[in-house]
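Reader: Please give me a close account of the empty space in this model and of what borders it, and then follow the neighbouring strands as far as seems useful. I would like each term with its cut-offs, since I want to judge the numbers myself.

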Amino acid sequence: MAPYRRKRSFNAAEVLSWRSRGINAGSLIRHNMKVLRDIILQDKRNYIKVWSKTSKSTIMYEDGKIYFENYQSCYSCFHSEPQLLYKLPKRSKLEKFEDALLCQSPLDKTLASPSDHKPSLLVLTANNWLYRLSAKTGEELERVFLSSKHKFRYLGWDVSQEIFYVKSVQNKETPLARQAGVTQNTVMHLAIFHVFPLQIVGVMEINKKVFGNSVTDVVLSQGVLAVSYSTKSVKLFSFEHILQMYMAEKITLGKQSCGGKTVGDVPFGIPVNIQITDCPPVLFEVSCSNNGVQIGGYPWHYIHTPPQKCHKGTHHISSLKDSTMASNGIQNMNCCSLESDEIFFHPDDSGRIIHVGPTTINVLKILGEQNSCLPSKVAEDFSMTTHRNNNPTSQVTVTSSGRAVKRRFQQLDDDPDQETFRTVEYEDELDLLAVVVTNGEEGEGRAHIQLHDNQSGQLLRTVDLVEPWDETYRHELFFDKDTIVHIEQKNTNFCCHVYKLKAATK
């Protein structure tokens, strides 16, 4: 029998000493997060509203930072209440920020320039400049001119490949061109960059002659080019194959291309160096409503809603390998609501699925083996339900004069007067699910946040929001360890509310 070994406790000085020497960093982080989770769940700690700020433009939150005035000013949430980090000089309409991405460099890489290790904000301007700004000071670290020919408007991540892409606006056929018989084959352009350090991969044209006449949009994700069609279908192509087969030349920012022009400089910008001449092999194709398909799980599965009217409101879960429907693979909330239910693969990489409806949240798991010939099975891992008065509302009411009045409409499942699930946030470092629940029984919409254990679904604590929750307007909620951020729209204005974890006052 092994000798009994008492579990030793460590004081803060020992832990800090180990951390400074890089000893067992992973275990230390896990231990620190476990301690923080325990503190958050203590009854003697509460989330207290510490700050509010309104704006006439959209407010954004990411990684402990709140952005106002179209990313012109930035507040840090790492203090007892948000503090201004920086405010950029006012920009002209030509230099207006169109889109932005926040990026952090990986800790396991040594990069050539010290500035490459700094957290940075990638911003795209209206006049086709791509800037890399310091996330802490707003200082300009790099700038790249994209093109004087194509209007770029959107930024997107392919996180797993450590690349991001800049997407142009769609080229739409004008009535004049149609009348003259001029065909517009170019749909849009994509500029693809490596992010650590910032380096160009290439620019490619999405062309109707190559991908088909009904192309409506493209995105890059998980190393795959996903092309959506107006025929309610999605096709996936290997981006690696496209680079191998169709890259005409490798280009470098600041160096001359084959045309003798400096790449990323005015007015030349970045040339189209990925020239797709024929349609690449299709990896996967599926017909779906709203061009919505999600891929994930283990073994690999995909979620979609077939385009036929009879499938409206259902979500089909099928094997990516051979498109075999999983047993119990059709999920349907059977809810009557203004907002449709939401389904997605769990962001914790467990392969599970979260299905959110107005009265129920189901966390599902896929049971199956990688090389089995039997279909996989979708089973419930755990479920959450709202607490409602189950007495059905009478369809007939009697007035004071004795006249019977019959309701013309049935009460909706997401009626603001009833307790309703609104959204689910996953806090990965604490392994908690934050569920926003609204209730307007007392005449004014109120909301609270339920913190559930991510593994079992057990309710661990509830946090009340102070401000009213008007379901007429758009809301966003972020749960980030000791900070809760609630962003709401009020008529034409936006408002940001920040809560911080504090010791409860007696």
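Author: The lining of the largest cavity is made up of Cys103, Gln104, Ser105, Leu111, Asp116, Lys118, Ser120, Arg132, Val195, Phe196, Pro197 and Leu198. A cavity here is a set of points, on a 1 Å grid over the protein atoms alone, where a 1.4 Å probe fits but cannot get out, while a pocket is an open set with protein on both sides within 12 Å along at least five of seven lines, and a lining residue has an atom within 4 Å of a point. This is a predicted model, in which local features need pLDDT of at least 70 and side-chain atom pairs count only at pLDDT 80 or more, whereas totals for chains, interfaces and linings use all residues. Residues are numbered from 1 along each chain as its sequence is written, and side-chain values use heavy atoms, with hydrogens and water left out.

The structure holds one cavity of 30 Å³ or more, and the volume of the largest cavity is about 50 Å³, where a volume means the space filled by probe spheres set on grid points that are joined across faces, edges and corners. Its lining residues divide into six nonpolar, three polar and three charged, with Ala, Val, Leu, Ile, Met, Phe, Trp, Tyr, Cys and Pro taken as nonpolar, Asp, Glu, Lys and Arg as charged, and the others, Gly among them, as polar.

Turning to the open spaces, the largest pocket has a volume of about 1,500 Å³. It is lined by 33 residues, of which Glu62, Asp63, Leu102, Trp157 and Val159 are closest to its centre. At least two lining residues come from each of strand E2 (60-62), strand E6 (97-103), strand E10 (152-158), strand E14 (215-221), strand E28 (420-427) and strand E32, strands being DSSP runs of E with at least two residues and helices runs of H or I with at least four, numbered from the N terminus. By class, this lining has 18 nonpolar, four polar and eleven charged residues.

The second largest pocket encloses about 780 Å³ of space. Among its 25 lining residues, those closest to the centre are Ser221, Gln222, Val293, Gln294 and Ile295. Two or more lining residues are given by each of E14, strand E15 (224-229), strand E16 (233-238), strand E17 (282-287), strand E18 (293-296) and strand E22 (342-345), and E18 gives the most, with four residues. This lining divides into 14 nonpolar, nine polar and two charged residues.

E32, which contributes to the largest pocket, also leads to a loop worth following. Glu467 is placed in the loop between strand E31 (459-464) and E32 (475-480), and at 6% relative accessibility Glu467 counts as buried, where buried means under 20% relative accessible area, exposed over 50%, and partly exposed in between, for a 1.4 Å probe and protein chains only. The side chain of Glu467 makes a polar contact of 2.5 Å with that of Tyr499 and another of 3.3 Å with that of Lys49; such a contact is a pair of N or O atoms within 3.5 Å, of which, within protein, one must be able to donate a hydrogen and the other to accept it, and residues adjacent in sequence count only if both atoms are side-chain atoms.

Lys49 stands opposite Tyr499 in E34, and strand E1 (residues 45-55) pairs with E34 in the antiparallel sense over ten bridges, two strands being paired if DSSP finds at least two bridges between them. On E34 there is also an antiparallel pairing with strand E33 (residues 483-490), over eight bridges, in which Thr483 has Lys500 as its bridge partner. E33 and E34 form a hairpin with two residues between them, and Asn491 in the turn has a positive phi of about 55°. E34 (residues 493-503) is mostly covered, with eight of its eleven residues buried.

In the segment after E34 lies Ala504, which is partly exposed at a relative accessible area of 31%. The C-alpha atoms of Ala504 and Arg45 are separated by 5.0 Å, although the two residues are 459 apart along the chain.

A last point concerns the cysteines. A search of the whole structure finds zero disulfides, that is, no pair of cysteine sulfur atoms within 2.5 Å. Cys496 is thus in no disulfide, its nearest cysteine sulfur being that of Cys77, 6.8 Å away, and Cys496 is buried, with a relative accessible area of 0%.
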